Structure formats: C-alpha cells, structure tokens
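Q: I'm new to this and would love a slow, close look at one part of this structure. Could you pick up chain D, walk me through one of its helices, and then show me how the chain meets its partner?

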4 protein chains.
Amino acid sequence: MTTASLDQRDQGLSQERLDATEVLIWWGHKGHAQVDEATVDRVQLRANDGMGLILLHSSHVSKIMKRVLGTRCSLRHRDIGERERVWNVEPNHPITQGIGDYFEIEREELYGERFDIPAPDELIFVSWFEGGEVFRSGVTYRRGNGKVFYFQPGHETYPIYYQPEIVRVLVNAVRWAAPLRIIPGVAGIKAEPLEPARRGG
Amino acid sequence: MTTASLDQRDQGLSQERLDATEVLIWWGHKGHAQVDEATVDRVQLRANDGMGLILLHSSHVSKIMKRVLGTRCSLRHRDIGERERVWNVEPNHPITQGIGDYFEIEREELYGERFDIPAPDELIFVSWFEGGEVFRSGVTYRRGNGKVFYFQPGHETYPIYYQPEIVRVLVNAVRWAAPLRIIPGVAGIKAEPLEPARRGG
Amino acid sequence: MTTASLDQRDQGLSQERLDATEVLIWWGHKGHAQVDEATVDRVQLRANDGMGLILLHSSHVSKIMKRVLGTRCSLRHRDIGERERVWNVEPNHPITQGIGDYFEIEREELYGERFDIPAPDELIFVSWFEGGEVFRSGVTYRRGNGKVFYFQPGHETYPIYYQPEIVRVLVNAVRWAAPLRIIPGVAGIKAEPLEPARRGG
Amino acid sequence: MTTASLDQRDQGLSQERLDATEVLIWWGHKGHAQVDEATVDRVQLRANDGMGLILLHSSHVSKIMKRVLGTRCSLRHRDIGERERVWNVEPNHPITQGIGDYFEIEREELYGERFDIPAPDELIFVSWFEGGEVFRSGVTYRRGNGKVFYFQPGHETYPIYYQPEIVRVLVNAVRWAAPLRIIPGVAGIKAEPLEPARRGG
C-alpha cells in the first residue's frame, strides 16, 4: 500500500504507478480543481480496465467521480457535527460483512439528498442524519471492467477513519473492488463474420 | 425541429440554442473528434438539467456519450451489409409502442457485444445479426434530471432512417425523453437543519 | 373508480372485475391472511398482463406483494406516532411531479430498514424517521407487462390519506401505472425458425 | 454434493436437507407440476435466507422460478437442434471467469425473446440462435439474502452438460452463489426508537 499526492510527479498518478495499482482509494478536500484532465484521463482508463476505484467523502466534487458517473454529483451539506446513523440495506454483500443492522458516527458533516448520481448498480448503505436528512451513503457501480464504490463518511475534522466499522467497510471494499483480471481496453474490434453472411455488400 | 452542425457558430450548440432545446438527437460519422470539450460540457450540463439526449448509431465514439456513460463504449464492428433483427424485450415501454415482437433491417453495419457500456437502467432492444453476433441495440439511462436513449441502427450507406419501424422508435423516443420539467443544476445546497441537532460543533 | 372488499363475491376481485381494471390500489390491515390463493393468482396474472398495481403501507405483509416480489418483505416497525420526512430522490419521475425536495408527515407508524425487498427498478422516495431509522418508502418494479409501485405512508390511525402531498403522489402513481396496452400472457410460443437453420435434428 | 428427486421423501427437499444446503441446482423436465406448494415454500424461504439457487434450462416453467421472480417466465421455443452462440457481456463477473468473448453450443433447443422475466440485477450472457432469435441466457438476481442465477443451456437430448465451458460456468456460479452467511428470515422486527421521539402517541 502506498500514497499518491498532488505535489508528486504526474500528480502522483503516473501511468507506471497506475499500471501497478489494483485498487485506488480517492480522498480530497480543497485540491479537487487542481487535478489535471490528463490525470483524470489516466485514472479513468485504468479504472475502466479493471482497477478498483473507491471514492471517499467529498469525492463527489472530484473530476474523476463526475467523469465515471456522468452527472453533477451535487448534494445538500452542512457541518455542525451532527450524528449520523449508517443503515445496512444489503447484509449479504461482501462490503457489509461484519457490519450489523446499522452503526453510528457521533459527529459528521451532513451530506443529504437529493444526491445527483445515476441510480447505483447496488445500494449498500442509507444514512440517517440528526438534522433531518437521509443520504445514499454507500453505492456501487461497474464501469468498463472495473468496480467503483462511493462511501460518504470521512470529514477531515472528525476521527472517522479511526472508527472500527469504517475500517471494516474499507477493508471489505478493497477486497471487493480488486480486479478478477485486468482487461486492457480497446477502441473497437473489427471482426470477421462467425456465420455465413449472405448479403455482403 | 431544427438542425445543428459543426460548421455553425459554437458548433451549432450555443448555450442559447441548448437552453431552447427539449430533446437533442445526436448523429455523427467522421467528425466526432472535432467536437470541442466546451461543446461537450454545454451539452452534458443541459442534458443533466433535463434535456432529452438521443444518441444514434456511431455515437458510441462520440465524446458526449462517453462523458455521460463513463466508459469506453467500445464494440465489435464490420460493414458487409448483413441482416439485423431487432428484438423487443420491453413491449410495455413507451419507446416500443407500435413495434411488434421484432423487426428486421435488411442491410446494416454490425455492432456486436461486448458493448462496453454501464448496465443500462432499461434494456429495450437486443439485436440478432446474420454474421453471428448479438447487440444491446436500445438502452436507456437517467443522468441528473435528464433521460438518455442509445439506439444502434443508422449506418450512413443504408436507407435505415426511412424504415417505418425506425421512424416510429425515434418518434416514441423523443416523446419519452422530453423533460417533465427542467431543473437547473447547482453545485450544492448549503442547508440549515430541519430538526434540532443537539451536537453542533 | 370503485372499491373491492373481502366480503364481496370472489373477495371483490372476480376475473370479470379484474379484466375491467386498469390500476388496482391495495390497502389492508388485519385481513391479509384471509385473501385466498386463487384471488392472489387472479390479481398477479392480471398485473403481469399490464394492470397497474399500487401497494400501500402494510401491503408488505400481503400475499400479493410477496408473490410479485419473491421475498419476505419484512421490516422494522413501531407505532408511537413519530414524525416522518419523505425525501424525493427522483425529481424527474412522473410519480414525483408537484412534490418538492421533501414533505413531512406529522405522525406515522415507523417502517424501517432493512426492508427485505429486491433491489427496486427505481428508488423514488427515502424516508427519515424521528426515532432514528430510514426507509425506502417509494419503489417501483416492472413485472411482466405491468408496473408496480409500493408506497409506505398510510397507517390507519392517522389522517395520512387526507394530506395533499400524499394525494398528489397517488394521483401521479395511478397515471404512471396505467397500462399503455394490456398484453394477455401466454404459457410460451412455439415458433418456426426465421432463418435457415442448417442443423435441424 | 448430493442429489434430490421427486420420488424421495418430502420430494427430496425436506427442511433438514435444505438447512444443510448452501447452493441448490434445479433442473426439471416433465415433473415441474408435480412439485408441491409446500416444497416450493421450503425452497423459497431457504433461498431467501441465503442459500444459492441456480435455475437451469426449463426451470422457467418451474414453480420455484416463478415464485422468486413474480412473472410468467414465458418465452419462444422450438427444438430443431440448431446452433447457439453464448456471448459474454460481463467479462469482469465471477461467473464468466475462464470464458472468452463467446462460446458455441452445436445443437440446442431454442429459447428466444421476449423472455418474460423482471429486469435482472445483472445480465451476464446473451445468446444468438441460428434460427434468428436472441435470448438473455444468463441472468442474476438477489432475493432476500440469497443469490439466484438462471442459465438457459441444458436440453436433455444433447450432451450440453459435458461441454467444458458449461461446466466452467456452473462451477463459477456455485462459488458465486454460495452464501457469505445465512440470515434466518423473520416476519418483522418490533423496534424501540434509537433517538428521542418527541411526539409519541
């Protein structure tokens, strides 16, 4: 496991590093706009080829999340340190193993509906917030040959990534997102017919 | 109904024209790479706001289709003028009204699986090709507040758009894709709590 | 519009009445177990043929809902008259026209996750409950040629069906669920080949 | 691995046997109507609790498949021993590992669209038939805590289950469908509030 950051060469995400990466976890705060389009291109294509892509918290403003989902990814938000209760709606999914019916986060930034994302392939978690909102806080997608998981918890001013349930979800998600195999993408395949095609031009 | 082309100002798709458009039908052949990123941005955001987007035939290589779907959209292809039979798998969908169990296209370019698209929200048509392939030839997606329909028939060397079943599908699709209302997108909503939130930081 | 009840002939749902019905709204309280299997059969097949089926509130214990969904439809519940806030996650859907970002129900029975239903074709509403739960309170499915909408609000001790937002959702849902056409189901179709099949036994 | 048949006690599927079963493979030919409702009830509830359920070939006429899917499962059919080509549309799925872009079955009974099933959670295989039809020949569903896979090949007069690709798909499917854990179903959970609910009746 290693870390990439914006101040590294190729923003830490050179083609060589990506080609050696099976699962990429994305977390950002103020730097989303500084990510180059070329970096986004490289990450997207590697993710399409099979690299797992785990998008955390404010990734909804990242270029890469908008790129793979095709929508604005906008949402309601406020930061008053309210309570969140994360409900497990897919107890039979690899990502929720070891997680009970729900778990609580004592203080978290609110992200609320409507969350402007495509209907997910799988809805894993739905969260309750003290201030009156709900949120689809764990959702999966397949894009190309790769898997994508968005997971909302993780505001930088609270100790969220030290909470055991959160760690468990992340470990589960990395295993789930790891590629069965990488399938390098192609622009298209010019193919001969497999059956006698009688009407050739 | 009006037409936009690459040689017009703003590539025919100025913000003003898009703002007056309820459904945009996209067809291209050799010019896909000439479409500017700025044009793609405008079309995507208007589609996210609610404009219907109908993507025809080789739109799978267009920037806008890749932008809203987030994958390579690659496929098998050849052009020998073979027969296609389009099977209707959702006879209760608005797009298939007036269409029977199937219809035939006497000569068409092959597009075959695997078609590298996200799992569609709705699978409408699946095609059989004389040379031995199959293809998900009609698929729908919601992106933001807008609807997207990809429809494969339409190679430029055959009289496909004169065929009554094709015309019927397109008319149906325009009606289906027309917005119930346009909802201008926002970057996010900073919201006050709706309930007493006792743990404010 | 007419009403059917258990004490009528054929439990109010004879084949003749069903054949004349375009959309059936189901509400029950204590009588779910009294519905005959034969009645469930008739309703299911008519719904599969295209009749809209709107399942309200405690329909999750009805035989017909379990029949069309194939799961136990179990959930968390309590009745202390707590507040519910219904969030609109598909503002571009016919069922949510005229509904804002959310609406509130002052007193309602809790239904909470995990709601043991198949992943819906469309997730329309997600509810927040004062006692700490969330619920997928509006979901759609297609079954056969018919549309199904489950909508959770409606406990019998509160004036929920007098609330304007609820009425609006129901009117919208009836229009959405009305069949484009009824397609009488068949057991199967024995078909001649459409192409020369060279390997016939 | 063991086998159950209709002439055994409890039709081979007693509660004790089912409770010891992690994945059940269903194949039938003429006996579908002889399966008792009580047997179907036991199988469905065990599958809802987490047992994998693999439905082969003419299972589309079985009571258990209609029970978990909620539709007629009707289709086009004929048996002239024509060629089928099974296309792999999800190369990144556990069920398709070791399978290439497609594989062929030299002689098979035709099953063709429209296949009256709910939109699958995942579309894995789409088949081409020599006589001109297509078919969604591999589809997955989640029902309760269990996974369901329908796989079309397997007519009794051809040596289909001896073909290496078929064996590979079945082995993959058994591994995929095996439960992460069994979660015994409940009718419902009467729950205390998790937050102070101020409006209790």
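A: Here is a walk through one helix of chain D, then the core, then the contacts between chains. Keep in mind that this is a predicted model.

Let's start with helix α2 of chain D, which covers residues 37–49. You can check its length yourself: at 1.5 Å a residue, its 13 residues should span 18 Å, and the C-alpha atoms at its ends are 18 Å apart, so the two agree. Now look at what is tucked away. In α2(D), the buried residues are Thr39(D), Arg42(D), Val43(D), Gln44(D), Arg46(D), Ala47(D), Asn48(D) and Asp49(D). If you're wondering about the cut-off, a residue is called buried when 20 or more other C-beta atoms lie within 10 Å of its own. What do those buried residues sit against? Within chain D, they pack against helices α1 (15–19) and α3 (63–69), and also against strands β1 (23–26), β2 (52–56), β6 (134–143) and β7 (146–151). Just past the end of α2(D) comes Gly50(D), which takes a positive phi of about 140°.

Strand β2 of chain D, residues 52–56, is one of those packing partners, and it leads us to the core. Nonpolar side chains in soluble globular proteins tend to be buried together. In this model the largest nonpolar core has 95 residues, and Ile54(B) and Ile54(D) are the ones with the most contacts inside it. Skipping neighbours within four places in sequence, Ile54(D) is in contact with Val23(D), Ile25(D), Trp26(D), Phe149(D), Phe151(D), Ala173(D), Val174(D) and Ala177(D). Apart from that core lies another one, of 94 residues, including Ala47(A), Val23(C), Ile99(C) and Ile117(C).

Now for the partner. A turn of 180°, with a shift of 0.0 Å along the axis, lays chain D on chain C with an RMSD of 0.0 Å. The copies meet through the same surface, because 100% of the interface residues of chain D are also interface residues in chain C. Each side brings its share: 44 residues from chain D and 44 residues from chain C. On the chain D side, α3, β3 (76–88), β4 (102–112), β6 and β8 (189–190) each supply at least two residues. The largest share there, 7 residues, comes from β3(D). By class, the side of chain D that touches chain C holds 14 nonpolar, 14 polar and 16 charged residues.

Strand β3(D) also pairs across the boundary: 2 bridges join it to strand β8 (residues 189–190) of chain C, and the two run parallel. Zoom in and you'll find Arg76(D) of β3(D) as the bridge partner of Ile189(C).

Chains A and B give you another pair to look at. Chain B can be laid on chain A by a turn of 180° and a shift of 0.0 Å along the axis, with an RMSD of 0.0 Å. That is the relation of a two-fold axis. The same surface serves both copies here, since 100% of the contact residues of chain B recur in chain A. This contact takes 43 residues from chain B and 44 residues from chain A. On the side of chain B that touches chain A, β3(B) gives the most, with 7 residues, and the classes come to 14 nonpolar, 14 polar and 15 charged. For a last detail, strand β3 (residues 76–88) of chain A pairs with β8(B) in the parallel sense over 2 bridges, and Arg76(A) stands opposite Ile189(B).

How values were computed. Residues numbered from 1 in each chain as written. Chains lettered and ligands numbered in written order. Predicted model: local features only at pLDDT ≥ 70, side-chain atom pairs only at ≥ 80, totals over all residues. Least-squares fit on C-alpha atoms with pLDDT ≥ 70 in both. Contact = placed C-beta atoms within 7 Å. Helix = DSSP H or I, 4+ residues; strand = E, 2+ residues; numbered from the N terminus. Nonpolar A, V, L, I, M, F, W, Y, C, P; charged D, E, K, R; others polar. Pairing = 2+ DSSP bridges. Expected span 1.5 Å × (residues − 1). Buried ≥ 20, exposed ≤ 12 C-beta atoms within 10 Å, placed from the backbone. Core = buried A, V, L, I, M, F, W, Y, C linked by C-beta atoms within 7 Å.
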